[in-house]
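Thanks, everyone. I'll keep this short and go through one structure a piece at a time.

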Amino acid sequence: MQLKDASLFRSSAFIDGGWVDAKSNETLHVVDPSTGKSIGTVPDMDVDDVKDAVEAAHRGYDVWKTKTCQERHDILLKWYRLMIEHEEDLAAIMTLENGKAVDEIRYGRSFIQWFAEEARRIYGDVIPSPLHNNRFLVVRQPVGVCSILTPWNFPSAMITRKAGPALAVGCSVVIKPAAETPFSALALCELANRAGIPKGVINVVTTDKHVKEVGYEMCTNPIVRKVSFTGSTAVGKLIMKQCASGMKKVSLELGGNAPFIVFDDADVDTAVQGLLGAKLKGSGQVCIAPNRIYVQEGIHDAFTAQLAERMKKLRIGSGFDEKVTTGPLISERAREKVNKHVEDAVARGARVLLDGRKELEKSEQKESGGYFFHPTLLTDLHDEALISSEETFGPLLAVRKFTSEQEVVELANRTEYGLAAYVYTRDVSRVFHVSEALESGMVGVNSITLGIDATPFGGVKESGMGREGSKYGVEDYVNKKLISIGLQPKQV
Ligand SMILES: NC(=O)c1ccc[n+]([C@@H]2O[C@H](COP(=O)([O-])OP(=O)(O)OC[C@H]3O[C@@H](n4cnc5c(N)ncnc54)[C@H](O)[C@@H]3O)[C@@H](O)[C@H]2O)c1
Ligand SMILES: O=CCCC(=O)O
């Protein structure tokens, strides 16, 4: 890979404004998922390194919180502009470590632009006083040092969607990216540094072997006041438990098991297109990817036939190839999980309309060493199949026929998750009845556009808590402080 600006590819962690190695000198290898080969190393840090990062963030906070909102706005906007200027390099780094292409770079930086603007709108309140001799003000202040733990499926956007609001309101951050995708985080740091974000305000620690201890420190260090995590529900529950001892503020954006519901009156073309768009983004490794596809009996056969035809035209390969629609999965473990879901569904009676495993055998990806899984289409999904209860995180589409609105709402809600849901129908009353009845934080109606800078992203039930993006996105990074002012009685 040839970058225009080679200094964006950093192999050290970033603490207190400087590039550092692990105190132990340990490193971890990062792998290109489309070849399975190492692309470089970063420090494999431990608790001692994290303590340094948290202390640096504490010092950085003291500087950053005293900047005016205009100063924070200007610096964040400069960071955003640098992300535009270096789009190609940032995309190349991400494709190398994650397999996907430029879209996420644009998505990621949109949050920095959005929260740069929000920085100037952290309003308080003046409460109409019910008392003669008191006045009441509410001001919103930064919570302090924030720990940010992000996954590999969005190496850039999960950082900017958390660090954006944190920095906008005056917090400082310690970021721990996933061990699979640290280079994107480090490249963002290099640009943050160039934008003039003061030292200590953004810190990145990289780790793999010590993730449990590092995660524990990031949740329990007394200096840290807030923890934001995106990843699996299992780890999210652990984070919440660890944060409880220090009463930290917590935001959790966890797993999903999104239902995709297509009623008989839907526009089949639009629904098929929406399904493929939502399901194949990031090769299916997205928390809002449809996992259970419910199609009403009247259009079931036409829908699945059209879906199969469209899926045959998909192109699988490296994200560096512009014609590719579906890149590799992140790891062999991820591929095994998708395979397990196929085998389990088939054992429970699912019919295979398109067999990705056979396609892989015939393809050039077979010998690539990469973690490719060719899109697979199943019908007759059983309600007890693993796909019905666990998120697959891969390009596996499994359809189940349904009869009535009541039946499908009950099926859709039969999960502990509640992140996203999709409904395709042209009946206005049904739009409201169904979207109000679905137990999820977000519902797409004839649309798959859920997460953009302006909209609140987040779940209910075991999909987490808090909202990212939008005007609500700063709420988790501020405390509301009451200032009660006593007045002397009026002189007459
Ligand atoms: N909601 C999402 O966007 C999302 C992201 C990644 C994975 N997942 C789900 O999780 C499944 C497993 O993937 P995974 O193993 O990469 O998920 P994971 O939850 O283990 O990893 C996500 C992040 O959490 C970190 N992490 C892991 N253990 C930790 C700990 N004890 N303390 C602090 N941080 C810790 C990882 O380093 C990574 O950065 C996927 O198949 C998918 O279903 C969801
Ligand atoms: O997978 C988690 C985030 C998904 C998104 O922002 O669209």
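I'll start with E253, which is buried, since 28 other C-beta atoms lie within 10 Å and 20 are enough for that label. This is a predicted model, so please hear everything that follows in that light. The reason for picking this residue is an annotation: an unreviewed UniProt entry lists E253 under "active site". In the fold, E253 belongs to strand β11, residues 249-253. Leaving aside residues up to four places away in sequence, E253 touches T230, G458, G464 and E468.

The same unreviewed entry type gives us the wider frame. UniProt has a "domain: Aldehyde dehydrogenase" annotation over residues 19-482. Across that range the chain is 39% helix and 20% strand, and the C-alpha atoms at the two ends are 40 Å apart.

Next, helix α8. It runs over residues 233-244, which is 12 residues, and its first and last C-alpha atoms are 16 Å apart, close to the 16 Å expected at 1.5 Å a residue. Which residues of α8 are buried? They are T233, G236, I239 and C243. These cover an arc of only 110° around the axis, so they sit on the same side of α8. A234 and K241, on the other side of α8, are exposed. As for what the buried residues of α8 pack against, the partners are α7 (211-220), β10 (224-230), β11 and β19 (464-465). Recall that β11 is the strand that holds E253.

Now the ligand. There are 21 residues around ligand 1, and those that come nearest are P151, G215, G231, S232 and C287. Helices α7 and α8 each supply at least two residues of this shell. Which element gives the most to the shell around ligand 1? That is α7, with three residues. Sorted by class, the shell has 10 nonpolar, seven polar and four charged residues.

On to a second helix, α10, residues 300-312. With 13 residues, α10 reaches 18 Å from first C-alpha to last, close to the 18 Å expected at 1.5 Å a residue. Its buried residues are F303, T304, L307 and M311. Viewed down the axis of α10, they fall within an arc of 90°, and therefore line one face of the helix. The face turned away from that buried side carries D301, A302, E309 and K312, which are exposed. On the buried side, the packing partners of α10 are β12 (258-262), α9 (268-280), β13 (290-296), β14 (351-354), β15 (376-379) and β16 (396-402).

Last, two backbone details. S283 has phi near 55°, a positive value in a residue other than glycine. D380 also has phi near 55°, again positive and again not in a glycine. Where do they lie? S283 is in the loop between α9 and β13, while D380 is in the loop between β15 and α13 (386-389). Buried or exposed, then, for S283? S283 is buried, because 30 other C-beta atoms lie within 10 Å. D380 has 17 C-beta neighbours inside 10 Å, so D380 counts as partly exposed.

That is what I have; comments are welcome.

Technical notes
Residues are numbered from 1 along each chain as its sequence is written. Chains are lettered from A and ligands numbered from 1 in the order in which they are written. This is a predicted model: local features need pLDDT of at least 70, side-chain atom pairs count only at pLDDT 80 or more; totals for chains, interfaces and linings use all residues. UniProt positions are given in the numbering used here, feature names are shortened, and annotations may be inferred rather than shown by experiment. Helices (H or I, at least four residues) and strands (E, at least two) are DSSP runs, numbered from the N terminus. A residue is buried if 20 or more other C-beta atoms lie within 10 Å of its own, exposed if 12 or fewer, and partly exposed in between; C-beta atoms are placed from the backbone. Two residues are in contact if their C-beta atoms, placed from the backbone, lie within 7 Å. The expected span of a helix is 1.5 Å times one less than its number of residues. The arc is that of the directions from the helix axis to the C-beta atoms. A residue is near a molecule or strand if its C-beta atom, placed from the backbone, lies within 6 Å of it. Ala, Val, Leu, Ile, Met, Phe, Trp, Tyr, Cys and Pro count as nonpolar, Asp, Glu, Lys and Arg as charged, and the others, Gly among them, as polar.
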